[in-house]
Amino acid sequence: MSDTLDTLENITYSELNEGDSATFTRTLTEDELVLFAAVSGDVNPVHLDSEFAAESMFKERIAHGMWSGSLISAALATVMPGPGTIYLEQSLAFKRPVKLDDTLTVTLTVLAKEPKNRVVFGCDVRNQNDQQVVSGEAKVIAPTEKISLQKPRLPKITIEG
């Protein structure tokens, strides 16, 4: 499935099979970095202050690790299994920094189907150079009823000084 369609349609527990996979792609913009800091409260200067970050081990500003983690959440909620999914667990290993303008692709792969509609997914997040930036596993309760709906229109958010 694609993450660019205007319609969200889930994949139910009964439709999922071990080995199934899906992707979700997003590019980190300056606005998204600042908004993530504002929403999360994580204002570590390595994310926001170019001069501070230049003296860090990364030599430049980097994304919040959980921004990458939030893309996994978005993939589970909108692509596979999609609407109606309940997120239960997540493990994450951060492998390399994500920088401004990096384009990340989340690949979810069904590892196991468990009782009570539980599904375990392998989570692989790679940048535009096919370098792994995050790996992990997620466990969800997959929906049992088919849902198809229009993606909601989100408000335009502007950032001031």
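A residue is called buried when its relative accessible area is under 20%, exposed when that area is over 50%, and partly exposed in between. With this scale in hand we can walk through the structure, which is a predicted model.

S56 sits in the loop between helix 3, which spans 50-54, and helix 4. Because its relative accessible area is 12%, S56 counts as buried. The side chain of S56 also has a polar partner, for one of its polar atoms lies 2.6 Å from the backbone oxygen of A53.

E30 offers a second case on the same scale. This residue belongs to helix 1, and its relative accessible area of 37% is the reason why E30 is classed as partly exposed. When neighbours within four places in sequence are left aside, the contacts of E30 are with R61 and L100. M66 stands 36 residues away from E30 along the chain, and the C-alpha atoms of these two residues are separated by 16 Å.

From single residues we can turn to the interior. The largest nonpolar core holds 30 residues, and those that touch the most other members are L16, I72, M80, V106, L108, V119 and F121. Two or more residues of this core come from each of strand 2, helix 1, helix 4, strand 4 (103-114), strand 5 (118-126) and strand 6 (132-141), and helix 4 provides the largest share, with 5 residues. F121 shows what such a position looks like in detail: apart from its neighbours within four places in sequence, F121 is in contact with L16, L76, M80, P81, L108, T109, V110, L111, G136, E137, A138 and V140.

The last stop is the open space in the model. Rolling a probe the size of a water molecule over the atoms shows where empty space is left. The largest pocket has a volume of about 850 Å³. This pocket is lined by 22 residues, of which F24, R26, E32, L154 and I157 are the closest to its centre. Strand 2 (21-27), helix 1 (30-40) and helix 4 (65-78) each contribute at least two residues to the lining, while helix 1 gives the most, with 6 residues. Sorted by class, the lining of the largest pocket consists of 12 nonpolar, 4 polar and 6 charged residues. Strand 2, helix 1 and helix 4 thus appear in the lining of the largest pocket and also among the elements that give two or more residues to the largest nonpolar core.

Technical notes
Residues numbered from 1 in each chain as written. Predicted model: local features only at pLDDT ≥ 70, side-chain atom pairs only at ≥ 80, totals over all residues. Heavy atoms only, no water. 1 Å grid on protein atoms, 1.4 Å probe; cavity = no way out; pocket = protein on both sides within 12 Å on 5 of 7 lines; lining within 4 Å. Points joined across faces, edges and corners; volume = space filled by probe spheres on them. Helix = DSSP H or I, 4+ residues; strand = E, 2+ residues; numbered from the N terminus. Nonpolar A, V, L, I, M, F, W, Y, C, P; charged D, E, K, R; others polar. Buried < 20%, exposed > 50% of the residue type's maximum accessible area, 1.4 Å probe, protein only. Polar contact = N/O pair within 3.5 Å; in protein donor to acceptor, adjacent residues only side chain to side chain. Core = buried A, V, L, I, M, F, W, Y, C linked by side-chain atoms within 4.5 Å. Contact = heavy atoms within 4.5 Å.
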